[in-house]
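With the model open in your viewer, please follow the stops below in order, making each selection before you read on.

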Amino acid sequence: MQIAQPHSSSNASSTFHGIWLPLVTPFRRDGVGTPVDHAALRRLVAQYRHSGIAGLVICGTTGEAAALDDDEQMAVLDTVLGEAGNLPVIAGLAGNHLGHTLARLDAFNALPLAGVLAPAPYYIRPSQAGLIDWFQTLAERSRVPLVLYDIPYRTGTTLTLDTLLTLAGHGNICGVKDCGGNALTTQALIADGRLSVLAGEDHQLLSTLVMGGHGAIIASSHCRPAHFAALYRAVKAQQLDVARVLFHAVMPMIKLLFADANPGPVKAWLAREGLLEDVLRAPMTSASPALAQQLVEAVAAIDAAFGAKGAANAA
């Protein structure tokens, strides 16, 4: 039997792959304010730079971008790019005002970014035709490849499979962060082969990779990123028994990281590691001390089984 191969195109799947870490934005308690803690931000980038991840995603959902003004976002990007060295960086670009969004994109075009991650315009719930026009307009204006961010439970708008396949035909739309929750859409995009399909829901990491997905953008990779990198390598090497062991070991930690709204639990764990202050901007709130302690114990269990530097001996 001859097995059909996925399509290929100039914007195809080799552009973005591996485990991408959507970095938190550290804040400081400073009287009544919570300024960005750029010293802690540099520490985080240095911590993750050689951890086995494929790159960083900055000013996304986990980075509390909605709580940052434009100048703060540019300052965060400057700090990260100054510390990241050769590690690729993707910038988040969310909005629902086209002129403002394009102006921010023009500012991004002056930076050495690897890509731009853009969700659907939030709240206004445009038609599929409006979504196609929105993303194609951004892709035409962007100096670097666009990664679609399909996350309907935050934007209020679903990118249908037909829309995603239409957008895949644009030469500067190269990937999708898949939080759509539709396994049939995920499979169809992977089979089509024109977009890098990156799991955006942490608990769907293994299933997406095994189906042929190209990687992930997942907040849980803040905690022992080498473990996630080892899982990715195991799937690519067809060591699926190893990948399953690694995935089942990390799932208790993933469940805890999303027991409260992201990035509260992630920041609580990073604070316990001494990497930042446990500070979020309103209306976000910190995770409870009990949850933070449970996370410490869950990560310690992973370390006890595999070591903090990954899981090479998982089999």
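Begin by selecting Asp303 and Arg224, which form a salt bridge whose closest N and O atoms are 2.8 Å apart. Asp303 lies in helix H12 and Arg224 in the loop between E8 and H9, so the pair ties together parts that are 79 residues apart in sequence. Please keep in mind from the start that this is a predicted model.

Keep Arg224 selected and add Glu273, with which Arg224 forms a salt bridge at 4.0 Å between the closest N and O atoms. Because Arg224 sits in the loop between strand E8 (215–217) and H9 while Glu273 sits in the loop between H11 and H12, this pair ties together parts that are 49 residues apart in sequence. With the three residues displayed together, you are looking at a network of salt bridges that links Arg224, Glu273 and Asp303. If you colour by accessibility, Arg224 counts as buried, at 16% relative accessibility, whereas Glu273 is partly exposed, with a relative accessible area of 39%, and Asp303 counts as partly exposed at 22%.

The structure holds nine salt bridges, and the next selection is another of them, formed by the side chains of Glu64 and Lys267 at 2.6 Å, N to O. Glu64 belongs to the loop between E2 and H2 and Lys267 to helix H11, so here the parts tied together are 203 residues apart in sequence. Are these partners buried or exposed? Glu64 is buried, with a relative accessible area of 5%, and Lys267 is buried as well, with a relative accessible area of 0%.

Now move to Glu201, in the loop between strand E7 (196–199) and helix H8 (205–211). Side chains of opposite charge can pair when their charged atoms come close. Which side chain of opposite charge is nearest to Glu201, and how far away is it? The residue to select is Arg154, at 7.5 Å, and Glu201, although buried, has no salt bridge; the cut-off for a salt bridge is 4 Å between a side-chain nitrogen of Lys or Arg and a carboxyl oxygen of Asp or Glu. What the side chain of Glu201 does make is a polar contact with the side chain of Tyr153, at 2.5 Å. To fill in the surroundings, display Tyr153, Asp178, Cys179 and Ile218, which are in contact with Glu201 when its neighbours within four places in sequence are left aside.

Step back along the chain to Ser196, which has its place in strand E7. Ser196 counts as buried because its relative accessibility is 0%, and a polar atom of its side chain lies 3.0 Å from the backbone oxygen of Phe16.

Next, select helix H1, residues 38–49, and look at it from the side. At 1.5 Å a residue, its twelve residues should span 16 Å, and the end C-alpha atoms are 16 Å apart, which agrees. At the N-terminal end, Asp37 caps H1, with a side-chain oxygen 3.3 Å from the backbone nitrogen of Ala39. Then show the side chains of Ala40, Leu41, Leu44, Val45 and Tyr48, which are buried in H1. Turn the view until you look down the helix axis, and the buried residues fall within an arc of 140 degrees, so they line one face of the helix. An α-helix has 3.6 residues a turn, so residues three or four places apart point the same way. To see what covers the buried residues of H1, show the elements that include strand E1 (18–22), strand E2 (55–58), helix H2 (70–84), helix H9 (225–236) and helix H11 (264–272).

The last stops concern the backbone. Select Asn262 and Pro263, where the joining peptide bond is cis, with omega near 10 degrees; Pro263 lies in the loop between helix H10 (240–257) and H11. The peptide bond from Ala282 to Pro283 is likewise cis, with omega near 10 degrees, and Pro283 is found in the loop between H11 and helix H12 (289–306).

Finish with Cys59, in the loop between E2 and H2, and Gln238, in the loop between H9 and H10. Phi of Cys59 is near 60 degrees, a positive value in a residue other than glycine, and phi of Gln238 is also near 60 degrees. As for their settings, Cys59 counts as buried at 4% relative accessibility, whereas Gln238 counts as exposed at 60%.

Note on methods
Residues are numbered from 1 along each chain as its sequence is written. This is a predicted model: local features need pLDDT of at least 70, side-chain atom pairs count only at pLDDT 80 or more; totals for chains, interfaces and linings use all residues. Side-chain values use heavy atoms; hydrogens and water are left out. Helices (H or I, at least four residues) and strands (E, at least two) are DSSP runs, numbered from the N terminus. Buried means under 20% relative accessible area, exposed over 50%, partly exposed in between (1.4 Å probe, protein chains only). Lys and Arg count as positive and Asp and Glu as negative; His and the chain ends are not counted. A polar contact is a pair of N or O atoms within 3.5 Å; within protein, one must be able to donate a hydrogen and the other to accept it, and residues adjacent in sequence count only if both atoms are side-chain atoms. Contact means heavy atoms within 4.5 Å. The expected span of a helix is 1.5 Å times one less than its number of residues. The arc is that of the directions from the helix axis to the C-beta atoms.
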